[in-house]
Amino acid sequence: KKFETISTGVVITGSDDGDGGAKGDFKFFQTDGTLKIMFDASTSQFEFLDNSKASFGNDDDLKIYHDSNNSAINHNGTGDFYIQSNNNIYIRNIGGDNYISAIEDGAIELYHNNSKKIETASSGIVVTGTIGCDGVYMGDSEQAKFGNSDDILIFHDGTENFIDVAQN
């Protein structure tokens, strides 16, 4: 027996092509007859139509879906959520504009309108453009340095305030 209808649907057992697999499209319908998911043999891909979800885990721990307007990957908080690669990781739009780049053994880069604005470096961070903020906190004896040769230093040593201007 290879194909059997049952009260809740069908059961497919074994294969029908003699090579250890089945050939052709497989379609999955809702009870009202609406096609929701199919395996398209011509493109070798599963197609989840609008409002169909791929769920993983006993408690739907991870869901991937599209609702005809938006797409989402949802993780219910069971354990951690990882995106892993042996190479670089990019978040970009279909046109190739970068949003975030994670470079293996290197920088994390943030983009605005495909223009790199912030990146991590071995010495800290590099910002391209201006910084707007509500305030800057620096602890005692930490210095704000300006100029290629630390031409101006501004700091507070815990007791006194200093502005040190280098004499060239």
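Patches are made of residues with over 30% relative accessible area and no salt bridge, where like charges are joined within 9 Å and nonpolar side chains (Val, Leu, Ile, Met, Phe, Trp, Tyr) within 5 Å. With that in hand, welcome to the close-ups. This is a predicted model, in which local features need pLDDT of at least 70 and side-chain atom pairs count only at pLDDT 80 or more, while totals for chains, interfaces and linings use all residues. Residues are numbered from 1 along each chain as its sequence is written, and side-chain values use heavy atoms, with hydrogens and water left out.

**View A. A negative patch on the surface.** Asp140, Glu142, Asp157 and Glu160 together form this negative surface patch. Lys and Arg count as positive and Asp and Glu as negative, with His and the chain ends not counted. Each charge is placed at NZ of Lys, CZ of Arg, CG of Asp or CD of Glu. Accessible areas come from the Shrake-Rupley method with a 1.4 Å probe, and for residues only the protein chains shown count as cover. Look for Glu160 in the loop between β15 (152-156) and β16 (161-165); strands (E, at least two residues) and helices (H or I, at least four) are DSSP runs numbered from the N terminus. Glu160 has a relative accessible area of 46%, so it is partly exposed (buried is under 20%, exposed over 50%, partly exposed in between).

**View B. A network of salt bridges.** Glu109, Lys116 and Glu119 are linked in a network. A salt bridge here is a side-chain nitrogen of Lys or Arg within 4 Å of a carboxyl oxygen of Asp or Glu. Lys116 pairs with Glu109, their closest N and O atoms being 3.4 Å apart, and Lys116 also bridges to Glu119, again with closest N and O atoms 3.4 Å apart. Glu109 counts as buried because its relative accessibility is 10%, whereas Lys116 is partly exposed at 30%.

**View C. The pair Asp150 and Lys145.** Their side chains meet in a salt bridge of 3.9 Å, N to O. Asp150 is partly exposed at 34%, and so is Lys145, at 49%. A search of the whole structure finds three salt bridges.

**View D. Asp40, buried without a partner.** Asp40 sits in strand β4 (residues 35-40). Asp40 is buried yet has no salt bridge, and the nearest side chain of opposite charge, Lys27, is 8.7 Å away. Not counting residues up to four places away in sequence, Asp40 touches Asp25, Gln45 and Glu47; contact means heavy atoms within 4.5 Å.

Key:
Buried < 20%, exposed > 50% of the residue type's maximum accessible area, 1.4 Å probe, protein only.
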